[in-house]
Amino acid sequence: MSDTSNMDVFNHEAFSGHEQVVFCQDETTGLKAIIAIHSTALGPAAGGCRMWHYRDNSSALNDALRLSKGMSYKNAMAGLSLGGGKAVIIGDAKTDKSEELFRSFGRFVNGLGGQYITAEDVGISVSDMEVVSQETPHVAGLNSGLAASGDPSPFTARGTFNGIRAAVKHQLGKDSVAGLTVAVQGLGHVGWHLCKELHAAGAKLMVADINEDAVQHAVKEFGASAVSCDEILFVESDVVAPCALGAVLNETSIPKLKTKIVAGAANNQLAKDTDGMLLRDHNILYAPDYVINAGGIINVAAEIHGKYDRQWVDEKVAAIYDVLLDIFKRADQEQGATSAISDLIAQEKIAKASESGRPELKKDIVA
Ligand code: NAD
């Protein structure tokens with residue numbers, strides 16, 4: 001390990017509340033992964049697997065712990081009978097992937113006996129998960145199989161679009177995004193579909209991505225304005241939609257924002273919990289990330305349930321609008337950060353489920 005300073009898991013700040021962390025290593029395939037299970041109070045811990053070239057091992061652990069807690073809160077707020085977990089594979093998604101590596105990861109997931117259910121996240125494709133499924137049934141987001149739900153990204157994008165509409169309604173008193181300027185950071189699986197929805201609804205787009213081809217494609221397809229990656233968060237806009245990586249909202253970036261709303265799909269957008277209040281202090285309405293980006297896990301939940309029901313998925317994804325409006329109203333009443341109010345509601349749901357006993361694994365997960 002190149003950095004062990006933050007590897008004391010029990011005393012790790014982000015470990016609090018977690019049930020289990022599994023460190024996976026397979027020297028034959030080169031697999032190095034961390035599976036973090038935050039909570040199984042509401043059901044089996046479900047959450048995607050991320051593959052990333054982390055700076056060091058402690059960054060990977062930190063990511064896994066923060067993301068898994070986020071999944072518990074996300075699943076609770078989406079009204080799913082699922083707990084929260086997350087896996088990270090340490091490696092470069094462009095150069096380090098192999099069938100053996102994903103089969104090895106699948107065996108580790110299988111060893112957890114259904115306590116953790118994996119799916120796609122950053123750096124992982126549906127075909128990678130198809131390989132994982134050769135070793136374990138505890139995987140979702142597949143193209144094949146009876147209940148296959150496929151790529152969750154369009155559903156995440158649709159939920160994010162619904163969340164942006166809710167934020168626009170609350171903050172600007174408007175029923176439509178037509179004519180509004182939305183700055184989208186990241187044109188990957190979710191960001192691209194989100195741009196498509198926003199463009200169809202008449203929004204003006206400003207976009208940035210480290211992948212210049214994606215930017216040029218968005219300029220051509222959606223008439224978007226290209227902005228540099230350093231500037232996209234800070235352009236004059238009605239909405240900023242972070243759809244790349246986490247911790248983009250912090251004490252340095254927040255005072256520089258020139259927007260009225262931050263509502264995007266990226267996980268863990270706040271660098272620190274206190275940044276939620278900082279956004280409120282700057283009169284910026286923040287749509288809590290794990291609420292607005294729940295569309296994908298809702299779609300995956302339908303697959304875990306064993307019978308894919310598109311209508312159920314569409315209704316739950318549409319409900320993100322109302323869940324967010326309730327959070328925004330309660331935050332105003334209590335003069336609190338939307339992120340803190342959302343955490344509170346999620347914690348209440350998880351605590352209530354813990355009190356009433358854990359559901360059997362593999363039981364009906366649809367609330
Ligand atoms: P992705 O890897 O397909 O896309 C991420 C994009 O961000 C890529 O195009 C990448 O080039 C770009 N990017 C990276 N660094 C950047 C930077 N500094 N500035 C601008 N662009 C940058 O990932 P995705 O599946 O689209 O997910 C995006 C975010 O949404 C992630 O935080 C992910 O955890 C979250 N999320 C995704 C889903 C889903 O269904 N895919 C669900 C919930 C949350």
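Two strands count as paired when DSSP finds at least two bridges between them. Keep that cut-off in mind for the first stop, and remember throughout that you are looking at a predicted model.

**Stop 1: the strands around β10**

Select residues 181-185, which make up strand β7. Now add β10, residues 239-242. Four bridges join β7 to β10, and the two strands run parallel. For a specific spot to zoom in on, pick Val-182, which stands opposite Val-239 in β10.

Next, bring in β11, residues 261-262. Two bridges connect β10 with β11, again in a parallel arrangement. Here the pair to click on is Val-240 and its bridge partner in β11, Val-262.

While β10 is on screen, show its side chains. Which residues of β10 sit on one side, and which on the other? Val-239 and Ala-241 are on one side, Val-240 and Pro-242 are on the other, and all of them are buried, leaving both faces of the strand covered.

**Stop 2: the largest pocket**

Move on to Cys-243 and Ala-244, then add Val-122, Gly-123 and His-189: of the residues lining the largest pocket, these lie nearest its centre. The pocket holds about 1,400 Å³ of space, and its lining comes to 50 residues. If you colour the lining by residue class, you should get 24 nonpolar, 17 polar and nine charged.

To see where the wall comes from, switch on β4 (49-52), α1, α4, α5 and α9 (295-304); each supplies at least two residues of the lining.

**Stop 3: a salt bridge between α4 and α5**

Stay with two of those helices, α4 and α5, and select Glu-197 and Arg-158. They form a salt bridge, with the closest N and O atoms 2.9 Å apart. Glu-197 belongs to helix α5 (residues 189-200) and Arg-158 to helix α4 (residues 153-172), so this pair ties together parts that are 39 residues apart in sequence. Is Glu-197 buried or exposed? Glu-197 is buried, at a relative accessible area of 18%, while Arg-158 is partly exposed at 40%.

In general terms, side chains of opposite charge can pair when their charged atoms come close. The structure as a whole holds 17 salt bridges, and a few more are worth a visit.

**Stop 4: a salt bridge between loops**

Select Glu-251 and Lys-272. What is the distance between the closest N and O atoms of this salt bridge? They are 3.2 Å apart. The pair links distant parts of the chain: Glu-251 is in the loop between β10 and β11, and Lys-272 is in the loop between β11 and α7 (275-281), 21 residues away. Glu-251 is exposed, with a relative accessible area of 53%; Lys-272 is partly exposed, with 40%.

**Stop 5: a salt bridge within one helix, and a network**

Jump to helix α10, residues 310-334, and pick out Asp-314 and Arg-310, which both lie there, four residues apart, or about one turn of the helix. Their side chains meet in a salt bridge of 3.0 Å, N to O. Asp-314 is partly exposed at 35% relative accessible area, and Arg-310 is partly exposed too, at 46%.

Then select Asp-26, Glu-99, Arg-103, Arg-107 and Glu-135 together. Salt bridges that share partners join these residues into one network.

**Stop 6: helix α1 and the cavity**

Go to helix α1, residues 57-77, and click on Ser-58. Ser-58 is buried, with a relative accessible area of 7%. Show Asp-56 as well: its side chain makes a polar contact with the side chain of Ser-58, at 3.1 Å.

Keep α1 displayed for the last selection. How many cavities of 30 Å³ or more does a search of the whole structure find? The search turns up one, with about 40 Å³ of space inside. Select its lining: Leu-67, Gly-70, Met-71, Lys-74, Asn-267, Asn-268, Asp-289 and Tyr-290. The elements giving two or more residues to that lining are α1 and α8 (289-292), and α1 gives the most, with four. By class, the cavity lining splits into three nonpolar, three polar and two charged residues.

Notes:
Residues are numbered from 1 along each chain as its sequence is written. This is a predicted model: local features need pLDDT of at least 70, side-chain atom pairs count only at pLDDT 80 or more; totals for chains, interfaces and linings use all residues. Side-chain values use heavy atoms; hydrogens and water are left out. A salt bridge is a side-chain nitrogen of Lys or Arg within 4 Å of a carboxyl oxygen of Asp or Glu. Buried means under 20% relative accessible area, exposed over 50%, partly exposed in between (1.4 Å probe, protein chains only). A polar contact is a pair of N or O atoms within 3.5 Å; within protein, one must be able to donate a hydrogen and the other to accept it, and residues adjacent in sequence count only if both atoms are side-chain atoms. On a 1 Å grid over the protein atoms alone, a cavity is a set of points where a 1.4 Å probe fits but cannot get out, and a pocket is an open set with protein on both sides within 12 Å along at least five of seven lines; lining residues have an atom within 4 Å of a point. Grid points are joined across faces, edges and corners, and a volume is the space filled by probe spheres set on the points. Ala, Val, Leu, Ile, Met, Phe, Trp, Tyr, Cys and Pro count as nonpolar, Asp, Glu, Lys and Arg as charged, and the others, Gly among them, as polar.
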